[in-house]
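Okay, thanks everyone, let me put this one up on the screen. I'd like to walk through how a few of the helices sit against each other.

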Amino acid sequence: MIRIKVLILMLSVFYCASSSAQSIQTNILPKGYYKAYVENSDTVPIVNLRDVYIFPPQKFKNKKEQQKYNKLVRDVKRTLPYAKMVYETLIETYEYMETLPTEKERQAHLKRMEKELFKEYKPELKKLTFSQGKLLIKLIDRECNQSSYNLLRAYLGSFRAGFWNLFAGIFGASLKTEYDPKGKDAMTERVVVLVENGLL
């Protein structure tokens, strides 16, 4: 009798699972992605692979050069998240400002954001070394595809952008610095790509 009850219970569970499974969609792919396509009478599977980056092995002339490379890796890992945060904040800010009806409200929102960001990130950014600060300026240009100065000028106006650039100049940096991934920043680009892909 107990076995029959267990059997009935198991059958009812399987029935419920199968009936509910009919209403659940599985293997849903993003729009534009397909698992396979049919060519003549053949079904050809489609597999989306991640990009693979292959660099020649890094060779160092001496220990000093290796230490310089290790420092660059450390600095990229420290500053890259901030550069990406700047990009995400810009996108969010732009999208939100599009919903504001007047220029006065947009400017008020920008001033409020500037104050909040300064308050939140100033303690962390103060901990950056001089070289990390200069690297961050370049990585912001890489992420946003324009210099920090141009971003500030677009959002805060020429006068305030000039002030912040002057302030950066006191420390030997320039917010107008542009990123050159195929030239003088080629090694930095290599490190960034490796860090982004979890290879460093």
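Quick bit of vocabulary before we start: when I say helix, I mean a DSSP run of H or I with at least four residues, and the numbering goes from the N terminus. And keep in mind that this is a predicted model.

So, with that in hand, let's begin with histidine 109, which lies in helix H3, residues 103-125. Is that histidine buried or exposed? Histidine 109 is buried, because its relative accessible area is 9% and the cut-off for buried is under 20%. Who does it touch? Leaving aside residues up to four places away in sequence, histidine 109 contacts Thr93, Tyr96, Met97 and Leu100.

Let me zoom out for a second. The protein has seven helices and two strands, and along the sequence they run α-β-β-α-α-α-α-α-α. Of its 200 residues, 24% are buried. If you take contacts between residues at least 6 apart in sequence, 65% of those join residues at least 24 apart.

Now, the helix I really want to talk about is H4, residues 130-144. H4 has 15 residues and spans 22 Å from first C-alpha to last, close to the expected 21 Å. Its buried residues include Leu135, Leu136, Ile137, Leu139 and Ile140, but also Lys138, Asp141 and Glu143. Right after H4 comes asparagine 145, with a positive phi of about 65 degrees.

On to the packing. In general, you describe two packed helices by the angle between their axes and the distance between the axes. Let's do that for H4 with two partners.

Partner one is H2, residues 63-97: the axes of H2 and H4 come within 8 Å and cross at roughly 45 degrees. H2 and H4 are therefore oblique to each other, and the crossing is right-handed. By class, that contact has 12 nonpolar, three polar and six charged residues.

Partner two is H7, residues 186-196. Here the axes come within 12 Å, and they cross at roughly 70 degrees, so H4 is roughly perpendicular to H7. H4 passes H7 in a right-handed crossing too. On the H4 side, the contact is made by Leu135, Leu139, Arg142 and Glu143; on the H7 side, by Thr188, Glu189, Val192, Val193 and Glu196. Those residues split into four nonpolar, one polar and four charged.

That's my tour, happy to rotate the view if anyone wants another look.

Technical notes:
Residues numbered from 1 in each chain as written. Predicted model: local features only at pLDDT ≥ 70, side-chain atom pairs only at ≥ 80, totals over all residues. Heavy atoms only, no water. Expected span 1.5 Å × (residues − 1). Buried < 20%, exposed > 50% of the residue type's maximum accessible area, 1.4 Å probe, protein only. Axes fitted to C-alpha atoms, helices over the stretch in contact; angles between N-to-C directions. Parallel < 35°, antiparallel > 145°, perpendicular 65-115°, else oblique. Left-handed = near helix turned anticlockwise from the far one by under 90°. Contact = heavy atoms within 4.5 Å. Nonpolar A, V, L, I, M, F, W, Y, C, P; charged D, E, K, R; others polar.
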